Amino acid sequence: MDKTLRYGITLTEYYRLTRKFSLDSQLNYVSARFAAGPYNGNTVPAVPAFTGNANFNYALTSAWHAKYGLLYTGTRYASDDVANVGKRVPAYWLNNATLQYFIKPVDMSFEVINLFNVQYS
């Protein structure tokens with residue numbers, strides 16, 4: 001690919017709602033564009049402008065934690081569409097569930113990614 005420029009911002013937040021329950025989230029924005037060549041000014045394909053996540057965390061005990069997370073990937077051009085002429089690939093949400101065990105020096109995690117088997121490209 002020709003030279004690209006990416007400008008963006010990331011916002012993160014963490015809230016402890018109770019002693020056992022917390023929320024964390026992240027929102028990312030990126031403007032990814034070609035800076036040279038025949039596609040100068042076009043959006044870089046396969047790079048969504050918006051991505052983000054939100055996680056709901058619960059401490060079952062001091063060693064066992066559960067987490068439910070949402071992961072968002074925004075619309076973007078297909079990976080080979082440098083001319084930006086095709087339809088955008090649709091955005092999607094994934095749901096993830098995690099059970100974690102923390103006892104020093106061991107950290108174990110059992111995670112189900114894409115809990116509801118969402119089909120995405």
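## A pair of strands to start with

Let's begin in the middle of the sheet. Strand 3 (residues 50–59) runs antiparallel to strand 4 (residues 64–73), and the two are joined over 9 bridges. If you want a landmark for lining them up, look for Asn55, which stands opposite Gly69 in strand 4. Please keep in mind as you browse that this is a predicted model.

## The whole sheet

Now zoom out a little. The pair belongs to an open sheet of 6 strands, arranged in the order 1-2-3-4-5-6 with antiparallel pairing. At the edges sit strand 1 (4–16) and strand 6 (106–112), each of which pairs on one side only. Going from one strand to the next, the twist averages 15°.

## Overall make-up and shape

What does the protein contain by way of helices and strands? The count is 0 helices and 6 strands, and reading along the sequence gives the pattern β-β-β-β-β-β. The protein is more spread out than a compact globule, because its radius of gyration is 19 Å, well over the 14 Å that the globule rule gives for 121 residues. Along the principal axes, the C-alpha atoms fill a box of roughly 55 × 30 × 25 Å.

How much of the protein is buried? Buried residues make up 24% of the 121 residues. The surface that the protein exposes comes to about 8200 Å², with carbon and sulfur atoms supplying 59% of that area. As for contacts with a separation of 6 or more, 47% of them are between residues 24 or more positions apart.

## A closer look at Thr98

Thr98 is a handy residue to click on next. You will find Thr98 in strand 5 (residues 92–103). Is this residue buried or exposed? Thr98 has a relative accessible area of 7%, and because buried means under 20%, Thr98 counts as buried.

Which residues does Thr98 touch, leaving aside those up to four places away in sequence? One group of partners is His65, Ala66 and Lys67, and the list also includes Ser109, Phe110 and Glu111. On the model, His65, Ala66 and Lys67 fall within strand 4 (residues 64–73), while Ser109, Phe110 and Glu111 fall within strand 6 (106–112). That fits the strand order 1-2-3-4-5-6 given for the sheet.

For a sense of distance, try Thr98 and Gln26: they are 72 residues apart in sequence and 18 Å apart in space, taken C-alpha to C-alpha.

Definitions and conventions
Residues numbered from 1 in each chain as written. Predicted model: local features only at pLDDT ≥ 70, side-chain atom pairs only at ≥ 80, totals over all residues. Heavy atoms only, no water. Helix = DSSP H or I, 4+ residues; strand = E, 2+ residues; numbered from the N terminus. Buried < 20%, exposed > 50% of the residue type's maximum accessible area, 1.4 Å probe, protein only. Contact = heavy atoms within 4.5 Å. Pairing = 2+ DSSP bridges. Axes fitted to C-alpha atoms, helices over the stretch in contact; angles between N-to-C directions. Rg over C-alpha atoms; globule rule 2.2 N^0.38 Å. Areas by Shrake-Rupley, 256 points an atom, 1.4 Å probe, with all protein chains shown as cover.
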